[in-house]
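This report goes through one structure by topic, starting with a single side chain and moving on to the metal site, the cores and the strands. Please keep the sequence and the coordinates at hand while reading.

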Amino acid sequence: MEDCLFCKIHKGEIPSTRVYEDENVIAFRDLYPQAKEHILFIHKRHTKNVNELVATDPSELSDVFLAIKKYTEDSKLTETGFRVVTNFGPDGGQTVFHTHFHLLGGQKLKGFGA
Ligand code: 5GP
Ligand code: ZN
């Protein structure tokens with residue numbers, strides 16, 4: 001989609017540090033990391049948030065989580081652990097309106113009872 005930051009990153013029009021790619025999904029480092037490892041996973045098809053994604057093609061959730069499985073196994077994050085988060089709307093703190101999943105790890109994470 002035109003004027004979407006993450007579509008531009010997907011098309012290579014805006015540079016990013018890409019750490020994973022397959023037929024459906026790309027993952028790249030967050031520009032302002034909130035943890036030692038902070039990676040953003042996106043489906044190549046543009047949707048604005050996770051509810052639109054599941055309403056239009058829920059199989060894309062499997063595409064994204066299979067990519068997360070592969071990346072966390074290959075990078076050995078599975079040995080220490082990690083967290084996956086998606087933000088929705090103003091209270092959720094969503095600032096980029098192309099569905100994305102934050103993968104956080106590389107350190108002990110605070111919050112959610114930790
Ligand atoms: P949200 O707040 O929408 O859940 O997450 C958007 C994320 O995109 C934020 O964590 C922010 O740091 C990241 N971000 C914003 N602009 C860029 C950019 O140009 N490149 C990359 N790699 N990340 C970005
Ligand atoms: Zn987009």
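Is Arg-45 buried, partly exposed or exposed? Arg-45 is partly exposed, with a relative accessible area of 32%. The model is a predicted one.

## Arg-45 and Glu-60

Arg-45 and Glu-60 form a salt bridge in which the closest N and O atoms are 2.5 Å apart. This pair connects distant parts of the chain: Arg-45 sits in the loop between β3 and α2, Glu-60 belongs to helix α3, and 15 residues separate them. The two partners fall in separate accessibility classes, because Arg-45 at 32% is partly exposed, while Glu-60 at 3% relative accessibility is buried. The cut-off for buried is under 20% relative accessible area.

## Other salt bridges

The structure holds 8 salt bridges. One of them joins the side chains of Lys-44 and Glu-21, with an N to O distance of 2.9 Å. Here too distant parts of the chain are linked: Lys-44 lies in the loop between β3 and α2 (50-56), Glu-21 in strand β1 (residues 18-21), and the two are 23 residues apart. Glu-21 is partly exposed, with a relative accessible area of 44%. Arg-18, Glu-21 and Lys-44 are linked in a network of salt bridges.

A further salt bridge brings together the side chains of Glu-37 and Arg-29, at 3.2 Å from N to O. Both residues are partly exposed: Glu-37 has 22% relative accessibility, and Arg-29 has 34%.

## Zinc site

The zinc ion (ligand 2) is coordinated by Cys-4 (SG), Cys-7 (SG), His-46 (ND1) and His-98 (ND1), at 2.0 to 2.3 Å. Along the chain, these donors follow the spacing C-x2-C-x38-H-x51-H. Cys-4 and His-98 link distant parts of the chain, 94 residues apart: Cys-4 is in the segment before α1 (5-11), and His-98 is in the loop between α5 (89-92) and β5 (101-105). Cys-4 is buried, with a relative accessible area of 5%, and His-98 is buried as well, at 0%.

What is the geometry of the site of the zinc ion (ligand 2)? The angles among the 4 donor atoms run from 106 to 115 degrees, and the site is tetrahedral. It is classed this way because four donors count as tetrahedral if all angles lie between 85 and 135 degrees. The ideal angle for four tetrahedral donors is 109.5 degrees.

## Nonpolar cores

The largest nonpolar core has 13 residues, and those with the most contacts inside it are Ile-39, Phe-41, Val-64, Tyr-71, Phe-101 and Leu-103. Two or more residues come from each of β2 (25-29), β3 (37-43), α3 (59-74) and β5. The most, 4 residues, come from α3.

Tyr-71 touches Val-19, Tyr-20, Arg-29, Glu-37, Ile-39, Phe-41, Leu-77 and Leu-103, leaving aside residues up to four places away in sequence. The contacts of Tyr-71 thus include Arg-29 and Glu-37, the two residues that meet in the 3.2 Å salt bridge. Another core, of 9 residues, lies apart from the largest one; Cys-4, Phe-6, Cys-7 and Val-96 are among its members. Cys-4 and Cys-7 are also donors to the zinc ion (ligand 2).

## Strands β1 and β2

β1 and β2 pair in the antiparallel sense over 3 bridges. The two strands form a hairpin with 3 residues between them. Tyr-20 has Ala-27 in β2 as its bridge partner. Tyr-20 is also among the residues touched by Tyr-71.

How values were computed
Residues are numbered from 1 along each chain as its sequence is written. Chains are lettered from A and ligands numbered from 1 in the order in which they are written. This is a predicted model: local features need pLDDT of at least 70, side-chain atom pairs count only at pLDDT 80 or more; totals for chains, interfaces and linings use all residues. Side-chain values use heavy atoms; hydrogens and water are left out. Donors are N, O and S atoms within 2.8 Å of the metal (3.2 Å for Na, K and Ca); water is not among the atoms, so sites may look incomplete. Four donors count as tetrahedral if all angles lie between 85 and 135 degrees; four count as square planar and six as octahedral if opposite donors are over 155 degrees apart and all others between 65 and 115; anything else is irregular. Buried means under 20% relative accessible area, exposed over 50%, partly exposed in between (1.4 Å probe, protein chains only). A nonpolar core is a set of buried Ala, Val, Leu, Ile, Met, Phe, Trp, Tyr and Cys residues joined through side-chain atoms within 4.5 Å. Contact means heavy atoms within 4.5 Å. A salt bridge is a side-chain nitrogen of Lys or Arg within 4 Å of a carboxyl oxygen of Asp or Glu. Two strands pair if DSSP finds at least two bridges between them.
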